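This report looks at one helix and its packing, and then at the interface between two chains.

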Amino acid sequence: MIQNTQFDYTPGEHEAEKASSSYLMSLIALVAGLPLPIINLLATLFFFLGNRKGTYFVRWHCTQALLSQVSVLFINSAAFWWTIAIIFEDDEITNKYIAYLIAALIFNLSEFIATMYTAIQTRKGIHVKWWFYANLTDLICKKS
Amino acid sequence: MKKITLQGATIILLFFTTWFLLDQVDWMTLFEIEKNTEKTEEKLGELYLEIFTNEDSEITEPFVIKTVDSIISKICSANDIDHDFIKMHIIDHVETNAFALPNGHLILYNNLIRESESPEALSGVIAHEIAHIEGNHVMKKLIKEVGLSVLISITTGNGGGQIIKETAKTLSSTAFDRGLEKEADLLAVDYLVNAQIDPEPFASFLYALGSNENEMVNSLTWLRTHPDSEERAKYIIEYSENLSTEFKPVIMKPTWDKLKVELKKD
């Protein structure tokens, strides 16, 4: 699922720090205690936009970080609105709802662990590629 | 591109498969969801009831209880409502009000019964509050106004007496939102018609007092907390026009007159 590889070039200290920070953006939003699913994405998006003219290594990892947040956003948004419907509308807590929350939790936890690991490795200048997201990033993010 | 699409589809499939497999486990029983939900509502009902019965005395005169309860019994049996769940309490209070608390507690202030022009008008108010109970509007309102975490902390004893008192005011002094009020009104009409109780006196009660601008209206808290009485009366009448049935008196006149006399003694 996660692969450590060599990048096209050896990134500098400054680059590694910025690339690592792109993953930390989503973690910071989580640590700040914000439960809304969009906050993590927005934090990562703003960081991505701020580094659009950065080096290839930085841009690449900002893009991978952003893309991973988008997929989790869909899962978390559904959980959020389903919960709102139960609290404020006529929906009731069902087995399907609990199963969905647990599935969402598993995916979020997996994404959290992967993000933490990637942030640490990227900080060392190691190029970490995520299954599916790396291929998508290669498609979107060009060298220059 | 094809590889990416396949990988993306695999991730989506993985999520739905995880969800499906987890759905095979009976989480509701494992976490005792229904039991805990009922417990929370039961506890809240007890706490709020205590607030109101501590402030004013509950009327326990058997004739009064039996007479008013006969209205509830008639509405419940005609509408397949669990009568044991509706717990009526007639409270001696200056205001003219009726409201529902969590866990099926129905509070009627004796002044409301005194001010009701007919047993059918009183039946309408009771049916309206039963509709709120059956529609689970009470808990929804509390969660909206107070917040879920506060409610849970109240039941676990961390909420403090002050929060309970403040939130008790919410239940007795404010109406539900327009949608829920209309839902309760129309459901009340259904309940009344099924029980062969004429809903028109209820509508007339609302209409006459909603269009009356004298001081009496201001003292009728039940109306003050349920705005747009004229509009409500209109749609109740319109709705009930389509429901034709033979109506019967809910309480015989001598019994109703005696009830009023008994309540005047308090």
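In this predicted model, helix H5 of chain A (residues 133–140; helices are DSSP runs of H or I of at least four residues, strands runs of E of at least two, numbered from the N terminus) has as its buried residues Tyr133(A), Ala134(A), Leu136(A) and Thr137(A), where buried means under 20% relative accessible area with a 1.4 Å probe and protein chains only. These residues lie on the same side of H5(A), because they cover an arc of only 160° around the axis, taken from the directions from the helix axis to the C-beta atoms. They pack against helix H3 (56–88) and strand E2 (127–130) of chain A, together with helix H1 (2–23) of chain B, contact meaning heavy atoms within 4.5 Å.

Thr63(A), found in helix H3 of chain A, is buried, with a relative accessible area of 6%; leaving aside residues up to four places away in sequence, Thr63(A) touches Phe48(A), Thr137(A), Ile140(A) and Cys141(A).

The interface of chain A and chain B is summarised below.

| Item | Value |
|---|---|
| Residues in contact | 24 of chain A, 23 of chain B |
| Area buried between chain A and chain B (accessible area lost, 1.4 Å probe, summed over both) | about 2,300 Å² |
| Share of that area on carbon and sulfur atoms | 76% |

Of the area that chain A buries against chain B, Asn95(A), Phe107(A) and Trp131(A) supply 24%, more than any other three residues. Lys96(A) forms a salt bridge with Asp23(B), the closest N and O atoms being 3.2 Å apart, under a rule that asks for a side-chain nitrogen of Lys or Arg within 4 Å of a carboxyl oxygen of Asp or Glu.

Residues are numbered from 1 along each chain as its sequence is written, and chains are lettered from A in the order in which they are written. Local features need pLDDT of at least 70 and side-chain atom pairs count only at pLDDT 80 or more, while totals for chains, interfaces and linings use all residues, and side-chain values use heavy atoms, with hydrogens and water left out.

Conventions:
Buried < 20%, exposed > 50% of the residue type's maximum accessible area, 1.4 Å probe, protein only. Buried area = accessible area lost by both parts, 1.4 Å probe.
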